[in-house]
Amino acid sequence: MKVLVACEYSGEVRRAFAALGHDAWSCDLLPSEDGSRNHYQGDVFDIIDDGWDIMIAHPPCTHLAVSGARWFKDKQVEQAEALEFVQRLLDADIPKIALENPVSIISSRIRKPEQIIQPWQFGHGETKKTCLWLKNLPLLVPTDIVEGREQRVWKMGPSENRWKERSRTFTGIAQAMAQQWG
Ligand SMILES: C[S@@+](CC[C@H](N)C(=O)[O-])C[C@H]1O[C@@H](n2cnc3c(N)ncnc32)[C@H](O)[C@@H]1O
């Protein structure tokens, strides 16, 4: 399958699909962290019409996440732009689409997610509610329910790369996506 992983700098989901033999590409404004050649550095809408079979999209949540609700009144323009970005991704002419975001105003302003998953359902002892908006894809089945319920990523101290660590897709979730949707 020809797989587009939109808004991914880490390569987590791309590598999971590639490991199963798919022609998987990531795309981000940033370079890919792993230096892969299967990465387009630029705007996802430059390549969105290139005949993909499936797209997994991780759009920025900075202006959408409910955890930032106290700033909402000061960023209505940014919010409108972020919602339009999400809507354009959901409207892409690609047969199968999964769009991932934390609990966010996408639910009230566009539509409710098909599914909410947690890292602890996929082998990581952490909580981080992750919403999935799905087109022509089944709900993701938990692969490895573990005990831990830490909030490691949210507790991380301030650092230059904090946002990257907070937004990186969990490997277990990436592998489940590839195994079940690939
Ligand atoms: C929340 S992060 C997702 C990170 C992802 N989960 C990963 O593991 O790499 C959102 C990403 O969207 C990227 N982005 C923002 N606008 C974009 C655009 N127009 N085209 C492609 N990527 C974009 C940002 O650079 C950022 O890396």
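A polar contact is a pair of N or O atoms within 3.5 Å, and this cut-off is the one to keep in mind when reading the close-up views below, which show a predicted model.

**View 1. Polar contacts between the ligand and three side chains.** In this predicted model, a nitrogen atom of the ligand lies 3.0 Å from an N or O atom in the side chain of aspartate 43. A nitrogen atom of the ligand is also found 3.1 Å from an N or O atom in the side chain of threonine 169. For aspartate 28, the partner on the ligand is an oxygen atom, and a polar atom of the aspartate 28 side chain lies 2.6 Å from this oxygen. Taken alone, the ligand exposes 600 Å², and the protein buries 89% of that area.

**View 2. The surroundings of the ligand.** The ligand sits in the largest pocket, where 17 residues surround the ligand, the closest being Tyr9, Ser10, Asp28, Val44 and Ser167. When the residues of this shell are sorted by class, eight are nonpolar, five are polar and four are charged.

**View 3. Cysteine 7 and its closest cysteine sulfur.** A search of the whole structure finds zero disulfides. A disulfide requires a pair of cysteine sulfur atoms within 2.5 Å, and because the sulfur of cysteine 7 is 6.6 Å from the closest cysteine sulfur, in cysteine 27, the two are too far apart for a bond. Cysteine 7 is buried, with a relative accessible area of 18%.

**View 4. Cysteine 131, a buried residue without a disulfide.** Cysteine 131 takes part in no disulfide, and the nearest cysteine sulfur, which belongs to cysteine 61, is 11 Å away. With a relative accessibility of 2%, cysteine 131 counts as buried.

Key
Residues are numbered from 1 along each chain as its sequence is written. This is a predicted model: local features need pLDDT of at least 70, side-chain atom pairs count only at pLDDT 80 or more; totals for chains, interfaces and linings use all residues. Side-chain values use heavy atoms; hydrogens and water are left out. A residue is near a molecule or strand if one of its heavy atoms lies within 4 Å of it. A polar contact is a pair of N or O atoms within 3.5 Å; within protein, one must be able to donate a hydrogen and the other to accept it, and residues adjacent in sequence count only if both atoms are side-chain atoms. Accessible areas come from the Shrake-Rupley method with a 1.4 Å probe; for residues, only the protein chains shown count as cover. On a 1 Å grid over the protein atoms alone, a cavity is a set of points where a 1.4 Å probe fits but cannot get out, and a pocket is an open set with protein on both sides within 12 Å along at least five of seven lines; lining residues have an atom within 4 Å of a point. A molecule sits in a cavity or pocket if more than half of its atoms lie within 2 Å of its grid points. Ala, Val, Leu, Ile, Met, Phe, Trp, Tyr, Cys and Pro count as nonpolar, Asp, Glu, Lys and Arg as charged, and the others, Gly among them, as polar. Buried means under 20% relative accessible area, exposed over 50%, partly exposed in between (1.4 Å probe, protein chains only).
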